[in-house]
Amino acid sequence: MRTMTLPVPVAGLRLTFLPFSASPSFNPHLLSRSRRRSTLIMASASSQTLQGVAAAGDRSTAEFNFLQLIQSHQEKAARLPPLQEIRTLLANTLRGTLSTFSHKYEGYPSASMVDFACDRDGSPILAVSSLAFHTKDLLGDPRCSLLVTKDPADRTDLVITLHGDAVSVSEEDKEAVRTAYLAKHPNAFWVDFGDFQFVRIKPKVVRYVSGVATALLGSGEFSEEEYSAAVVDEIYQFSKPIANHMNKDHEEDTKLIVKHSTSIPVDSAEMLEVDSLGFYVKVGYQGSTHKLRIPFPRRAENRKYVSAAQESMFYFTSNFRASAVACALQFDCSFLSSQGC
């Protein structure tokens, strides 16, 4: 056996290399087959990896196209102007977070959950007890704010902060204010207890933010005059019964309407709320959930049109399905009558 010795820094150490031909177990044909097998395995693995990458790429492309389609549709979808949406939400909300300047812990802000109703000018009305900390705070400093969120579970949804001064309701206004408050809180029998009184928050400025972390980010503020002059959307008050009925009995019809409007074959559709220009719906699509705005072709002027729209949607989606959904959303009473609705 031939050996090869190389000089190394460590004294007395020799390295011996055995050529392949000197190894009794060496078989070049076996090595060749082994190499071919390794090459085939690597090629197969590479092919699977490339297929996986391609599939992932296809999914990414499909998701990107889906999101682009949503964004394009949502940017054009008709919505209430921000000021009207703010005025409408406050008029139809029952509870918010009241922030005051703490009387007990001077200089520190304090927060309380409170029920409220709005008067005709949009000023929030509170029924407060003299025993409550926030009542004592307001007696010491009437400056306060009321925070209202459209959907506390959705951080992208509308958030409103109304800044103003809390003032006691006069005796001559008390009965009208009481009536307005009980219309929103019919079980609030305690408002007639001796330690309760009504206070009104006179707005100074109203701020809002919506669409946080989305392409539809919006924010701004409005003066007392702008806010008071805004008109409440008359259809929004019927949101709950309309949405409940559609979700209970007509989910498939809602899915068809969404598909017609967006060209997206959604897996599920839950109507959330309705106003005169359209409705919001939570849809499921390939394992993900999205909130979409579906516009009406034209404004619904009153409850009569909403009822006609409901009947037309039920009629058309059950008889002519998606091809007639556009007609079903027209809110044209004469057209609906001619169709037997």
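**Figure 1. Ten helices and eleven strands make up the protein.** This is a predicted model, so take everything here as computed from it. Of the 341 residues, 37% are buried. Contacts between residues 24 or more positions apart account for 58% of those with a separation of 6 or more. About 20300 Å² of surface is accessible, and carbon and sulfur atoms hold 55% of that.

**Figure 2. His-73 in helix H1 and the residues it touches.** We're looking at a residue of H1, the helix that spans residues 28–76. His-73 has 15% relative accessibility, so it falls under the 20% cut-off and counts as buried. Its side chain makes a polar contact of 2.9 Å with the side chain of Gln-74. Once neighbours within four places in sequence are set aside, His-73 still has Ser-261 and Thr-262 in contact, along with Arg-293, Ile-294 and Pro-295.

**Figure 3. Tyr-280 with Lys-291 and Arg-293 over its face.** Lys-291 sits over the ring of Tyr-280, 5.0 Å from the ring centre. Arg-293 also lies over the face of Tyr-280, and here the figure is 4.8 Å from the ring centre. You've met Arg-293 already: it is among the residues in contact with His-73.

**Figure 4. An aromatic cluster of Phe-189, Trp-190 and Phe-193.** The count for the protein comes to five aromatic pairs. Take Phe-189 and Trp-190: their ring centres are 5.3 Å apart and their planes meet at 70°, which is over 60, so this pair is edge-to-face. How open to the outside are these two? Phe-189 counts as exposed, at 57% relative accessibility, while Trp-190 counts as partly exposed, at 29%. Phe-193 joins them to complete the cluster.

**Figure 5. The buried and exposed residues of helix H6.** Helix H6 covers residues 239–249, and its buried residues are Ser-239, Ile-242, Ala-243 and Met-246. Those four span an arc of only 95° around the axis, so they end up on the same side of H6. Swing round to the other side of H6 and you find Lys-240 and Lys-248, both exposed.

**Figure 6. Ser-123 in the loop between strands E3 and E4.** The loop here runs between E3 (117–118) and E4 (124–129). Is Ser-123 buried or exposed? With a relative accessible area of 7%, Ser-123 is buried, because that value is under 20%. Leaving out neighbours within four places in sequence, Ser-123 is in contact with Ala-117 and Cys-118, and also with Arg-200, Ile-201, Lys-202 and Pro-203. Ala-117 and Cys-118 carry the residue numbers of strand E3.

**Figure 7. Asp-137 in helix H3 and its contacts.** Helix H3 takes in residues 133–140, and Asp-137 is one of them. Asp-137 is buried, with a relative accessible area of just 4%. Which residues does it touch, beyond its neighbours within four places in sequence? Asp-137 has contacts with Thr-100, Phe-101, Ser-102, His-103 and Lys-104, plus Ser-110. For His-103, the C-alpha to C-alpha distance to Asp-137 is 4.9 Å, although the two are 34 residues apart in sequence.

Terms used: Residues numbered from 1 in each chain as written. Predicted model: local features only at pLDDT ≥ 70, side-chain atom pairs only at ≥ 80, totals over all residues. Heavy atoms only, no water. Helix = DSSP H or I, 4+ residues; strand = E, 2+ residues; numbered from the N terminus. Buried < 20%, exposed > 50% of the residue type's maximum accessible area, 1.4 Å probe, protein only. Contact = heavy atoms within 4.5 Å. Areas by Shrake-Rupley, 256 points an atom, 1.4 Å probe, with all protein chains shown as cover. Polar contact = N/O pair within 3.5 Å; in protein donor to acceptor, adjacent residues only side chain to side chain. Phe/Tyr/Trp six-rings, centres within 6.5 Å; stacked < 30°, edge-to-face > 60°. Lys NZ or Arg CZ within 6 Å of the ring centre and 35° of its normal. Arc of directions from axis to C-beta.
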